[in-house]
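Hi,

Here is the structure I promised to pass on. Have a look at it first, and then read my notes below.

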Amino acid sequence: MQLVVFVVVLALGKGCFSCNLKNVSISMERCGQKVCIHTTICEGLCYSQDPVFESPEEAPEHKICKGDWSYEVKNIEGCPGSITYPVATKCNCSTCNTEDTYCGRFYGHIPSC
C-alpha cells in the first residue's frame, strides 16, 4: 500500500513540470512604424533531481525546456528590408548542454504549483 501511495505522490509532483509552446507578442519599431510580431516560444520547467551532495568531479544532469525553431520573415509596408524572427515549433525537456546554456544551480525562488 505504501508503494502505491509513493508512486501516486511522485506522479502528482511531476505534474507541476511542463515544457510547452506559448504565444507571445513582441513590439518593435522599424522605419518609424510600430510593428507587433506574433510568435511562439518554449516556456516551462522540467523535472530534474538535485543531489544533496555536490561533487566537484561530477555535475548532476539537468533537464531544461528547449525547442525546435524555424524562422519567419515579416515585410513592413514602405520600409526597405524585412524582419526575420524565430518561431518555436515544438518544445521538449532535454539534457542541458553547457556549450549554449548555463547549466549550474539556480539559487533563486521557484514558485510551487
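Two cysteines are called a disulfide here when their sulfur atoms lie within 2.5 Å of each other. Cys 31 and Cys 79 pass, with sulfurs 1.8 Å apart. Bear in mind that this is a predicted model. The torsion about their S-S bond is about 55°, so this disulfide is right-handed. Cys 31 sits in the loop between β1 and β2 and Cys 79 in the loop between β3 and β4, so the link ties together parts 48 residues apart in sequence. Cys 31 is partly exposed at 43% relative accessibility, while Cys 79 is buried at 11%.

By that rule the count comes to 4 disulfides, so here are two others. Cys 19 and Cys 65 pair up with their sulfurs 2.1 Å apart. The torsion there is about 80°, so the link is right-handed. It connects distant parts of the chain, from Cys 19 in strand β1 (residues 18-30) to Cys 65 in strand β3 (residues 63-75), 46 residues apart. Cys 19 is buried, with a relative accessible area of 12%.

Then there is Cys 42 with Cys 91, at 2.1 Å from S to S. This one is left-handed, with -90° about the S-S bond. Cys 42 lies in strand β2 and Cys 91 in strand β4, so parts 49 residues apart in sequence are tied together. Both Cys 42 and Cys 91 are buried.

On to the cores. The largest nonpolar core has 7 residues: Val 35, Ile 37, Ile 76, Cys 79, Ile 83, Tyr 85 and Val 87. So Cys 79, from the loop disulfide, turns up here as well. The elements giving two or more residues to this core are β2 and β4 (82-95), and β4 gives the most, with 3. Apart from it lies another core of 5 residues, including Cys 19, Cys 46, Ala 88 and Cys 91.

One more residue to click on is Thr 39 in strand β2 (residues 33-45). At 7% relative accessibility, Thr 39 counts as buried. Where does the side chain of Thr 39 reach? To the backbone oxygen of Pro 86, at 2.7 Å. Leaving aside neighbours within four places in sequence, Thr 39 also contacts residues including Lys 22, Asn 23, Tyr 85 and Val 87. Val 87, a member of the 7-residue core, in turn touches Thr 39, Thr 40, Asp 68, Trp 69, Ser 70 and Glu 72, not counting residues up to four places away in sequence.

Cheers

Notes. Residues numbered from 1 in each chain as written. Predicted model: local features only at pLDDT ≥ 70, side-chain atom pairs only at ≥ 80, totals over all residues. Heavy atoms only, no water. Helix = DSSP H or I, 4+ residues; strand = E, 2+ residues; numbered from the N terminus. Buried < 20%, exposed > 50% of the residue type's maximum accessible area, 1.4 Å probe, protein only. Polar contact = N/O pair within 3.5 Å; in protein donor to acceptor, adjacent residues only side chain to side chain. Contact = heavy atoms within 4.5 Å. Core = buried A, V, L, I, M, F, W, Y, C linked by side-chain atoms within 4.5 Å.
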